[in-house]
Amino acid sequence: MKVAVTGANGLLGGEAVAQLAGRHEVLAVGRGPCRLAAGPFAWADADLGDGRSVEQALRAFGAEAVLHAGALTDVDACEREPEAAWRVNVGGTEQVARACRALGARLVAVSTDYVFDGTAGPYGEDDVPNPRGAYARTKRCGEEAALLLAPDCAVARVAVVYGGRPGAKSTFATQVVEKLSRGEPVKAFSDQQVSTTLAANGAAMCLELLLKTAYRGVLHTSDATVLDRVEFARRIARRFGLGGEIVPVKTAEAKLLAPRPLQGGLRVERAATVLRSHRPLAIDEAMDRFHAEWVLRKTA
Ligand SMILES: NC(=O)C1=CN([C@@H]2O[C@H](COP(=O)(O)OP(=O)(O)OC[C@H]3O[C@@H](n4cnc5c(N)ncnc54)[C@H](O)[C@@H]3O)[C@@H](O)[C@H]2O)C=CC1
């Protein structure tokens, strides 16, 4: 099958390409040069923000299924530059959805727990979004555009993505490992209740949703455990056998530009009924896999 992945240089998209390569005919779509390890896939340098180039790349490839994982994901940068966030996260999703409609392709568009305001989480798929901040609003509009424009579409929401794949970008989770390993303290928000998503398992759930189901609408595809960020950091430290100080801080003290949902998190019971081969991981299982990825990365 011809499968395309946007955001292929990103954490989730890169995992998806690695899992698809060799099993399907794969087009990896990203901005600029490919930063993935070489493999049996084609690369398209296309800009989600320019109105047409991703749409053209998907059409030229003749995609039969598309995982749309590309986005501007820096929430504070989106707050500073809301027009750029709109161009990429809404306009880019529209491009992808238009291409899918023209090609009759199935689409899974990746979205976020930030579509909720974080006053009453964890949230289920049927809870009503109330995005706060530019990133959150553009992701919610992107969800609506995807579901409206692409007839065969599911939206997969993830949260706090992390992973240890070689070359994967730095995240809160990798910073916890690196700082504690160096004997430095780690600051973590004590008042943000979140879900987390091991990128490899999130990508696997998204791909199963894309290729093995006919599910339409929203599905939550994060890890299964809801916890605060201090506890997340402690779980990482424990699994990696790292001592050191985890310093709880309040979100308001950090004076971040974009609002953060405080009582957030995703309920994932539905994923366990929709998906057969992959399921949301409980935190201990996710930590085992993250640790195994890290060991491989260090020996690669
Ligand atoms: N990183 C996180 O903690 C979370 C991510 N998500 C969502 O998950 C999806 C995947 O995110 P990640 O892989 O974690 O983020 P990432 O930031 O690692 O990957 C996003 C990719 O999109 C690409 N991109 C940005 N602007 C582009 C443009 N104009 N044209 C083409 N490509 C462009 C980036 O280069 C990057 O490779 C996104 O839809 C994101 O909104 C949802 C919740 C949390």
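Visitor: Where is proline 122 found?

Guide: Proline 122 sits in the loop between S5 and H5. Keep in mind that this is a predicted model.

Visitor: And what kind of peptide bond joins glycine 121 and proline 122?

Guide: A cis one, with omega at about 5 degrees.

Visitor: You mentioned H5. What does helix H5 lie across?

Guide: Helix H5, residues 134-149, lies across S5, strand S6 (153-158) and S11. Relative to S5, H5 runs at about 160 degrees.

Visitor: OK, so those strands. In what order do the seven strands of the open sheet come?

Guide: The order is S3-S2-S1-S4-S5-S6-S11, and the pairing is parallel.

Visitor: Which ones are the edge strands?

Guide: Strand S3 (42-45) and strand S11 (217-220), each of which pairs on one side only. From one strand to the next, the twist averages 20 degrees.

Visitor: What actually pairs the strands of a sheet?

Guide: In general, strands of a sheet pair through backbone hydrogen bonds, either parallel or antiparallel.

Visitor: Let's zoom in on one pair. How many bridges do strand S4 and strand S5 pair over?

Guide: Four bridges, in the parallel sense, with S4 covering residues 65-68 and S5 covering residues 106-112. To pick out one of the partners, histidine 68 is bridged to alanine 109 in S5.

Visitor: What about helix H2, which strands does it lie across?

Guide: Helix H2 (residues 53-61) lies across strand S1 (2-6), strand S2 (25-30), S3 and S4. Against S2, helix H2 runs at about 170 degrees.

Visitor: Back to H5 for a second. At what angle do helix H4 and H5 cross?

Guide: Roughly 15 degrees, and the axes of H4 (residues 82-103) and H5 come within 9 Å. H4 and H5 are therefore roughly parallel to each other, given that angles under 35 degrees count that way. Their crossing is right-handed.

Visitor: Which residues make that contact of H4 and H5?

Guide: On the H4 side you'll find Pro82, Ala85, Trp86, Asn89, Val90, Thr93, Glu94, Ala97, Arg98 and Arg101. H5 brings Ala134, Tyr135, Thr138, Lys139, Cys141, Gly142, Ala145, Ala146 and Leu149. By class, that contact has 11 nonpolar, four polar and four charged residues.

Visitor: Switching topics: how do helix H6 and H8 pack?

Guide: H6, residues 172-181, packs on H8 at an angle of about 55 degrees, with the axes 10 Å apart. That makes H6 oblique to H8. H6 passes H8 in a right-handed crossing.

Visitor: Who meets whom between H6 and H8? Which residues, I mean?

Guide: From H6 come Phe172, Ala173, Val176, Val177 and Leu180, and they meet Arg229, Phe232, Ala233, Ile236, Ala237 and Phe240 in H8. The contact of H6 with H8 divides into 10 nonpolar, no polar and one charged.

Visitor: And H8 with H10, what's the angle there?

Guide: About 55 degrees, with the axes of helix H8 (residues 229-240) and helix H10 (residues 283-299) 10 Å apart. That makes H8 oblique to H10. H8 passes H10 in a right-handed crossing.

Visitor: Which residues of H8 and H10 make the contact?

Guide: H8 uses Phe232, Arg235, Ile236, Arg239 and Phe240. H10 answers with Ile283, Asp284, Met287, Asp288, Phe290, His291 and Trp294. Those residues divide into seven nonpolar, one polar and four charged.

Visitor: Now some backbone oddities. What is the phi of valine 160?

Guide: Valine 160 has a positive phi of about 40 degrees, although it is not a glycine. You'll find valine 160 in the loop between S6 and strand S7 (161-162).

Visitor: And what about the phi of lysine 255?

Guide: Also not a glycine, lysine 255 has a positive phi of about 50 degrees. Its place is in the loop between strand S13 (246-249) and helix H9 (269-274).

Visitor: Last one: which residues does UniProt list for a domain?

Guide: The unreviewed UniProt entry lists residues 1-275 as "domain: RmlD-like substrate binding". In the model, that span is 38% helix and 20% strand, and its end C-alpha atoms lie 20 Å apart.

Terms used: Residues are numbered from 1 along each chain as its sequence is written. This is a predicted model: local features need pLDDT of at least 70, side-chain atom pairs count only at pLDDT 80 or more; totals for chains, interfaces and linings use all residues. Side-chain values use heavy atoms; hydrogens and water are left out. UniProt positions are given in the numbering used here, feature names are shortened, and annotations may be inferred rather than shown by experiment. Helices (H or I, at least four residues) and strands (E, at least two) are DSSP runs, numbered from the N terminus. Two strands pair if DSSP finds at least two bridges between them. Axes are lines fitted to C-alpha atoms, for helices over the stretch in contact, and angles run from 0 to 180 degrees between N-to-C directions. Contact means heavy atoms within 4.5 Å. Angles under 35 degrees count as roughly parallel, over 145 as roughly antiparallel, 65 to 115 as roughly perpendicular and the rest as oblique. A crossing is left-handed if the near helix is turned anticlockwise from the far one by less than a right angle, and right-handed if clockwise. Ala, Val, Leu, Ile, Met, Phe, Trp, Tyr, Cys and Pro count as nonpolar, Asp, Glu, Lys and Arg as charged, and the others, Gly among them, as polar.
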